[in-house]
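Visitor: Please take a close look at one helix of this model and the elements packed around it. I would then like to follow the connections outward from there.

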Amino acid sequence: MAGHAAEQHPHGADRLCEAGDRVYSRAVRRGRVPRCDAEAVPCLLELALLHPDPDDMDWLVPTAPQEVMTRLLRGLYDEVSTSQRRVGSAVAAFEWYAGLGGRPPQATAAEGSAIRVLDGLSRIQAAMDEATEACTSEVLSVQPGGIRPEHELTEGLHRALALRGRGVRMRDLYTHVARHGQGLLTYLELMGGAVQARTLDEVIERLILFDRTVAFIPANADRTLALELRHPALVGYLVTVFERLWRLAIPLTAPLPDTGIEGISHREQSIAALLAEGHQDAVIAERLGISVRTCRAHIARLSDTLGAASRTQLGVRIAQVGLDGPARTEATRLTLPDQGSRTGR
C-alpha cells in the first residue's frame, strides 16, 4: 500500500508535492501530526521528513528543517563532485582522440568557417550587411532575371552609397532585359562612376563577391538558403567565372549588336538559338529573364518573319538563316527571302 502511494509522489525532499507540503508544514508548526494525516503522503516517511513519536506511535513528528537542508546540500555536493569527475574524464579522453588527427585545433576551426549555410532571409541579410561593412575595395555581382524591381534597388541604395563613400568600386552583370528598367538606369545615375554595369543574353545564378575574399550564392530555388564562401580556392574560381563573363558582356551604355539579319531583333536571335537547342518556352523565358508570355510573342514574331507554319518548320528556318549560331556582322548580313518564297508561292 505504501509502495503504491509512493509511486504517485515521484519527487525528492527539495520539491514536495502539494499534499506533502501541507502535512509537513502542519507538523513543523504543531510539533507533530496524527499518523492518519500522513496516509495520503507516504513520501514524507520515505524521505524521512516525518518519523514516529517514540512516546506515542499514533503520532508522527517532523525532522528539523535545518537537518533536512544539511542532508540535501550534502547530496547536491556529492552529485556535483561526481559530475565534475565525469567531465574531467570525458575531456581527457577526447583530448587524446583529438591528438590522433595530428592537426592543430585552429586549422579545424578555419575549415569549418570556410563554407557557412545561412538559413532564412534575416540571417542572409545580416551576413551580407556584415560583409558590406567590412568591404574596402571591390564588389562584384551577378543579378539574373529580368527588369530589377525599383523597390529592390531602393532597399539596397543606402548600402551602395555607403560603399561608394568608402571608395569601393562596383561591377554588376545583368541580362539584356534589365536595360529596359528605368529603376536600374536611375540607380546607376545616382551612383555615378562608382558602379559599372554590363549585360549578357544569359548570366549565371545570383553571385555577390566582396573584396575577392567572401562570396554569397543561393542554396535553393526560392533563395531562402544561401552559402557564405570564404575558402580561397572557391572564391578564386568564382572571381574567374565573373571576369570571363564580364569580358563577354556589353556595357549598359553601348547598344546591343545588330543581328545582321533584317527584321530579327537581338532578343529574337537569342530565343532562336535556344529554340535550336531544343529548350521549352518556360526554360527560355527563365534563362533570358523574360515572362513566358513575352517569350511566346517573340516566337510568334519569329515564325511570321521566317515564314514558318509550325514549330518544326521554325527550327528548319532558324538553321537556314544562321540564327542557331553567333550574331552575324554587317559584312555577313543575310536578306530573308521574299514572302512568296517563304510561303512556298
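Guide: Helix α11 is followed by G289, whose phi is positive, near 75 degrees. Helices (H or I, at least four residues) and strands (E, at least two) are DSSP runs, numbered from the N terminus. The model is a predicted one, in which local features need pLDDT of at least 70 and side-chain atom pairs count only at pLDDT 80 or more, while totals for chains, interfaces and linings use all residues. Residues are numbered from 1 along each chain as its sequence is written, and side-chain values use heavy atoms, with hydrogens and water left out.

Within α11, which spans residues 281-288, the residues D281, I284, A285 and L288 are buried (under 20% relative accessible area, with exposed meaning over 50% and partly exposed in between, for a 1.4 Å probe and protein chains only). These four lie on the same side of α11 because they cover an arc of only 100 degrees around the axis, the arc being that of the directions from the helix axis to the C-beta atoms. The cover over them includes β6 (169-175), α10 (266-276), α12 (292-306) and α13 (311-321); contact here means heavy atoms within 4.5 Å.

Of these covering elements, β6 leads into a sheet. This open sheet has eight strands with mixed pairing, in the order β4-β10-β9-β8-β5-β6-β7-β11, where two strands pair if DSSP finds at least two bridges between them. Its edge strands, β4 (115-119) and β11 (250-251), each pair on one side only.

β6 pairs with β7 (residues 195-200) in the parallel sense over six bridges. Along this pairing, M170 has V195 in β7 as its bridge partner, and R171 stands opposite Q196 of β7. Between the two strands the chain passes through helix α8 (residues 182-191), forming a right-handed β-α-β crossover; right-handed means that, with the strands pointing away from the viewer, the path from the first strand over the helix to the second runs clockwise. β7 in turn runs antiparallel to β11, joined to that strand by two bridges, and T199 stands opposite I250 in β11.

Helix α9 (residues 232-248) lies across strands of this sheet, including β5 (138-143) and β6, and runs at about 65 degrees to β6. Axes are lines fitted to C-alpha atoms, for helices over the stretch in contact, and angles run from 0 to 180 degrees between N-to-C directions.
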